[in-house]
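Visitor: I'd like to go through a model and hear what stands behind each label. Could you show it to me before I start asking?

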Amino acid sequence: MKNYYITTAIAYTSGKPHIGNIYEIILADSIARFKRFEGYNVFFQTGTDEHGEKIEEKANLKGVSPKSFVDEVSSVIKGLWDKASISYNKFIRTTDEYHEKQVQKIFKKLYDQGDIYKGYYEGLYCTPCESFWTESQLVDGKCPDCGREVKKAKEEAYFFKMSNYADRLVEYYNEHPDFILPVSRKNEMVNNFIKKGLQDLCVSRTSFKWGIPVTFNDKHVVYVWLDALTNYITGLGYDVDGNNQQNYKDFWPADLHIIGKDIVRFHVIYWPIFLMALGLPLPKQVYGHGWLLQNGEKMSKSKGNVLYFDDLADVFGGDAVRYYVLSEMGVENDGLISWELLTDRINSDLANVYGNLVSRTIAMVNKYFGGKVKGTNANTQFDESLKQVVTQAYLKVSAKFNELKVSDALSEVMAIFKRANKYIDETCPWVLAKDESKKNELETVLYNLCEVIIIGTSLLSAFMPNIALEVVAMFNTNLRDINNIKLFGLEKEIVVTKNARVLFPRYDLKDIMEKAKAIQEKQIKEYEKENAKVEAKPQIVFDDFEKVELKVGTILNSEKVEKSDKLLKNTIKIGNETRTIVSGIAEHYKPEDIIGKQVVVVTNLAPRKIRGIESNGMVLCAFNDETKTLKIISPEKEVEDGITVG
């Protein structure tokens with residue numbers, strides 16, 4: 001059995017991915033499923049990319065640790081993959097211990113052999129893209145990749161000597177003309193990056209901490225691309241020291257990396273060069289697919305036009321959404337998606353062509369033959385034409401998959417069902433049923449239709465796995481395997497279900513748009529809540545600020561206030577004096593957790609009685625309105641009690 005290794009880009013855990021992001025994983029899944037059908041031993045890897053400045057910033061805004069933040073988002077992403085019926089073999093996270101250790105060893109190896117050196121970076125940085133740019137690379141003064149604002153950044157960093165491998169990379173391109181697909185992406189890389197001269201790549205950062213530490217310089221963390229790209233080998237069990245696991249030995253080099261066109265540069269320039277430096281084989285092929293655009297424009301939360309797979313699946317069903325995105329996207333072009341387009345495509349293709357064929361066939365077998373049909377010798381003049389389309393379909397579908405023309409492969413499958421519907425019009429079973437002498441001919445027609453549905457559905461299973469299993473169960477059989485997919489007339493007797501459900505109801509566009517409007521309004525509210533600005537208080541002058549006395553104290557004792565769920569009575573030592581201060585923090589801290597903790601206290605606040613206890617001061621805290629979390633303000637390092645803050 002031949003091995004086949006396919007990967008997607010790992011999803012960045014800055015937030016929930018939209019349908020355009022999930023298209024890639026569905027595309028890869030359809031290829032993986034079809035390769036398994038063809039008899040390959042497939043290893044399909046996907047996962048999440050979990051380090052970087054953007055994640056650290058988002059975690060801080062939520063008042064949680066970066067690890068807690070990525071744990072939650074990674075779980076959401078994995079749940080979406082499962083809802084989309086993704087048949088991955090490995091879901092890697094870049095916070096996995098094995099991955100982190102190997103990244104550290106890779107970094108050290110490349111440093112020791114002189115490919116990485118320490119330098120100094122000063123340039124323009126895009127936080128969402130985690131990319132540095134020169135002034136000349138900007139488009140209208142903004143990031144050329146995402147169009148967002150960039151900021152000046154200046155820091156010590158380690159760099160990889162990209163230019164050392166540029167000639168070898170071009171030579172590899174020339175020797176492997178199918179390495180980058182489509183060809184337009186290859187031309188873009190050569191003309192826009194390699195010919196202009198490869199700049200050395202920044203591979204570490206010091207301005208944030210959420211990353212894999214560089215083992216020999218703990219001021220630095222490994223920068224995102226050297227960390228993220230290596231998942232393709234660490235996920236297989238690659239070991240820098242040579243103790244590779246069996247999966248690496250069996251499956252590397254990768255047969256196919258599937259990525260979005262916006263990150264082609266990283267996968268066909270940086271990634272091959274990293275592998276060359278490590279002395280490892282390069283992947284066989286990298287395919288950069290286009291984008292799914294909402295009514296011709298990129299999706300934006302602020303506009304409320306972001307489409308999520310789970311929202312669409314709740315309305316149309318997961319397999320129907322898979323069908324749409326796989327049928328919509330060509331090899332080179334971007335695709336379009338909207339509620340209207342989904343409704344129209346599902347009604348026309350799945351309800352009218354496929355679903356209607358299944359329903360009509362089952363209904364006629366039940367009506368005319370009590371639910372059972374066999375093949376007979378009473379053939380019609382249209383049978384051979386039908387059988388030819390069906391038995392040749394696999395070769396056409398396989399050829400399209402090999403060219404990565406997955407939407408064309410799906411069209412070849414749908415051509416089977418369209419031909420079957422035409423066959424019904426040609427043979428007119430309802431007319432044959434009126435003539436007793438035509439009973440055998442009628443049975444042949446219905447038997448042929450059942451065979452067509454079983455064979456076509458078996459090919460459809462790579463695209464719509466759940467529906468495919470449900471349909472063949474309606475005919476009391478299994479999906480055909482590669483050995484039987486070209487055999488017509490395999491079933492001696494076909495028994496259909498008595499009560500077949502409607503697979504794809506016809507959707508009313510008005511009803512769909514009402515649901516879409518409700519989802520859009522919810523999105524906009526969530527966006528406004530996430531980005532709500534707290535109204536600034538009036539400015540004060542320095543004299544006002546000087547009136548506030550802030551000192552550091554240590555909590556000596558803490559206990560709950562009787563008959564209160566929110567209040568703690570704290571005894572705090574502030575220099576030479578000890579005070580009692582009541583704080584509304586009991587929902588966030590247990591008394592035993594804060595004893596011994598240093599805090600910042602407003603010491604010249606007028607005393608007041610709270611639940612009969614005189615409180616002399618206030619403990620400063622930070623409260624996050626969104627997550628409803630509270631944190632006590634403490635000095636970064638232990639200082640002397642009573643010291644003034646200001």
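**What stands behind the labels**

Visitor: Let's begin with K83. Why does K83 count as partly exposed?

Guide: K83 has 38% relative accessibility. Buried would need under 20% and exposed over 50%, so K83, at 38%, lands in between and counts as partly exposed. Keep in mind that this is a predicted model.

Visitor: And D314, what makes D314 count as exposed?

Guide: The cut-off for exposed is over 50%. D314 comes out at 56% relative accessibility, so exposed is the right word.

Visitor: How do you know that the side chains of K83 and D314 meet in a salt bridge?

Guide: The distance from N to O is 2.7 Å. The rule asks for a Lys or Arg nitrogen within 4 Å of a carboxyl oxygen of Asp or Glu, so K83 and D314 pass. This pair also links distant parts of the chain: K83 is in helix α3 (residues 66-83) and D314 in helix α11, 231 residues apart.

Visitor: What makes E470 and R501 a salt bridge?

Guide: Their N to O distance is 2.5 Å, and the limit is 4 Å. E470 sits in helix α19 (residues 465-474), while R501 is in the loop between β17 and α20, 31 residues along the chain from its partner. Both ends count as partly exposed: E470 at 25% and R501 at 42%.

Visitor: Why do E577 and R579 get different burial labels, given that they meet in a salt bridge too?

Guide: The bridge itself runs 3.3 Å, N to O. E577 has 36% relative accessibility, so it counts as partly exposed. R579 has 15%, which is under the 20% cut-off, so R579 counts as buried.

Visitor: Which residues do salt bridges join into one network?

Guide: E50, K67, D71 and R93, through bridges that share partners. Over the whole structure the rule gives 28 salt bridges.

Visitor: On to the rings. How many aromatic pairs turn up in the whole structure?

Guide: The search finds 29. One of them is Y5 with W252, at 6.2 Å centre to centre and 65° between the planes.

Visitor: What makes Y5 and W252 an aromatic pair, and how are the planes described?

Guide: Centres have to lie within 6.5 Å, and planes over 60 degrees apart count as edge-to-face. With 6.2 Å and 65°, Y5 and W252 meet both conditions, so the pair is edge-to-face. Y5 lies in strand β1 (residues 3-8) and W252 in the loop between α9 (246-251) and β12 (256-260), so the pair ties together parts that are 247 residues apart in sequence. Both Y5 and W252 are buried.

Visitor: Why is the pair of F316 and Y507 called edge-to-face?

Guide: Its planes are 85° apart and its centres 5.1 Å apart, set against the cut-offs of over 60 degrees and within 6.5 Å. F316 belongs to helix α11 (residues 309-316) and Y507 to the loop between β17 (493-495) and α20 (509-530), 191 residues apart. F316 is at 6% relative accessible area, so it is buried.

Visitor: How do you know that K261 lies over the face of W291?

Guide: K261 is 4.5 Å from the ring centre of W291, where the distance limit is 6 Å. In a like arrangement, the charged end of R265 sits over the ring of F266, at 4.3 Å from its centre.

Visitor: What makes helix α12 largely enclosed?

Guide: Eight of the 11 residues of α12 (residues 318-328) are buried, so the rest of the structure largely encloses the helix. Among them are D319, R322, Y323 and Y324.

Visitor: Where is F542, and is F542 buried or exposed?

Guide: F542 is in helix α21 (residues 542-546). Its relative accessible area is 57%, over the 50% cut-off, so F542 is exposed. With I540 and F545, F542 forms a nonpolar patch on the surface, about 340 Å² of accessible area together.

Visitor: Last one: where does helix α13 bend?

Guide: At N356, by about 40°, within a helix that covers residues 339-369. G370 follows α13 and has a positive phi, near 65°.

Key:
Residues numbered from 1 in each chain as written. Predicted model: local features only at pLDDT ≥ 70, side-chain atom pairs only at ≥ 80, totals over all residues. Heavy atoms only, no water. Patch = residues over 30% accessible without salt bridge, like charges linked within 9 Å, V, L, I, M, F, W, Y side chains within 5 Å. Areas by Shrake-Rupley, 256 points an atom, 1.4 Å probe, with all protein chains shown as cover. Helix = DSSP H or I, 4+ residues; strand = E, 2+ residues; numbered from the N terminus. Buried < 20%, exposed > 50% of the residue type's maximum accessible area, 1.4 Å probe, protein only. Bend = angle between axes of the 7 residues up to and from the residue. Phe/Tyr/Trp six-rings, centres within 6.5 Å; stacked < 30°, edge-to-face > 60°. Lys NZ or Arg CZ within 6 Å of the ring centre and 35° of its normal.
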